[in-house]
Amino acid sequence: RSIASLFQQAGRAGRRQERSLSIYVAWDSPIDQYFLKNPEKLFTLPSEGTRLDLLNQDLMVPHLLCAANEEPLNPDSADRQIFSNPPEEGWGL
């Protein structure tokens, strides 16, 4: 669990400018207990940084397919930077 994943899940409910409601259900994990005791921190702490290996086929192939499904890939945009350097064996598509 992380702050980033919490906001990602909450954002799914409010897509396409529709009204939505997100409810935080806390369990006994340390992060849930921390936010129960410090609720103001939930909205003031920055999201955690992300690290990923752009040559990891298990990661990049599904992301490439999802990106192309949502919107055609554009070689004149950041798509080229992210998806133009496949590993030597290719993306396996």
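User: Which residues in α4 are buried?

Analyst: This is a predicted model, and in α4 the buried residues are M60, V61 and L64.

User: Where do those sit around the axis of α4?

Analyst: They are on the same side of α4, because M60, V61 and L64 cover an arc of only 100 degrees around the axis. As a rule, an α-helix has 3.6 residues a turn, so residues three or four places apart point the same way.

User: And which exposed residues are on the face turned away from that buried side?

Analyst: D58, N69 and E70 are the exposed residues carried there.

User: How far does α4 reach, end to end?

Analyst: From first C-alpha to last, α4 (residues 57–70) spans 20 Å. That is close to the 20 Å expected at 1.5 Å a residue for its 14 residues.

User: Switching to pockets. What volume does the largest one have?

Analyst: About 360 Å³. It is lined by 17 residues, and L6, F7, A10, I23 and Y24 are the closest to its centre.

User: Which helix gives the most to that lining?

Analyst: α1, with six residues. Both α1 (3–13) and α2 (30–37) supply at least two residues each.

User: What's the lining like by class?

Analyst: Eleven nonpolar residues, four polar and two charged.

User: OK, confidence. What's the mean pLDDT of the chain?

Analyst: The mean is 80, with 87% of the residues at 70 or more.

User: Which element has the lowest mean?

Analyst: Helix α5 (residues 78–83), at 71, while α2 has the highest at 91. In general, where pLDDT is low, the predicted coordinates should not be read in detail.

Conventions:
Residues are numbered from 1 along each chain as its sequence is written. This is a predicted model: local features need pLDDT of at least 70, side-chain atom pairs count only at pLDDT 80 or more; totals for chains, interfaces and linings use all residues. Side-chain values use heavy atoms; hydrogens and water are left out. On a 1 Å grid over the protein atoms alone, a cavity is a set of points where a 1.4 Å probe fits but cannot get out, and a pocket is an open set with protein on both sides within 12 Å along at least five of seven lines; lining residues have an atom within 4 Å of a point. Grid points are joined across faces, edges and corners, and a volume is the space filled by probe spheres set on the points. Helices (H or I, at least four residues) and strands (E, at least two) are DSSP runs, numbered from the N terminus. Ala, Val, Leu, Ile, Met, Phe, Trp, Tyr, Cys and Pro count as nonpolar, Asp, Glu, Lys and Arg as charged, and the others, Gly among them, as polar. pLDDT is the predictor's confidence in each residue, from 0 to 100. The expected span of a helix is 1.5 Å times one less than its number of residues. Buried means under 20% relative accessible area, exposed over 50%, partly exposed in between (1.4 Å probe, protein chains only). The arc is that of the directions from the helix axis to the C-beta atoms.
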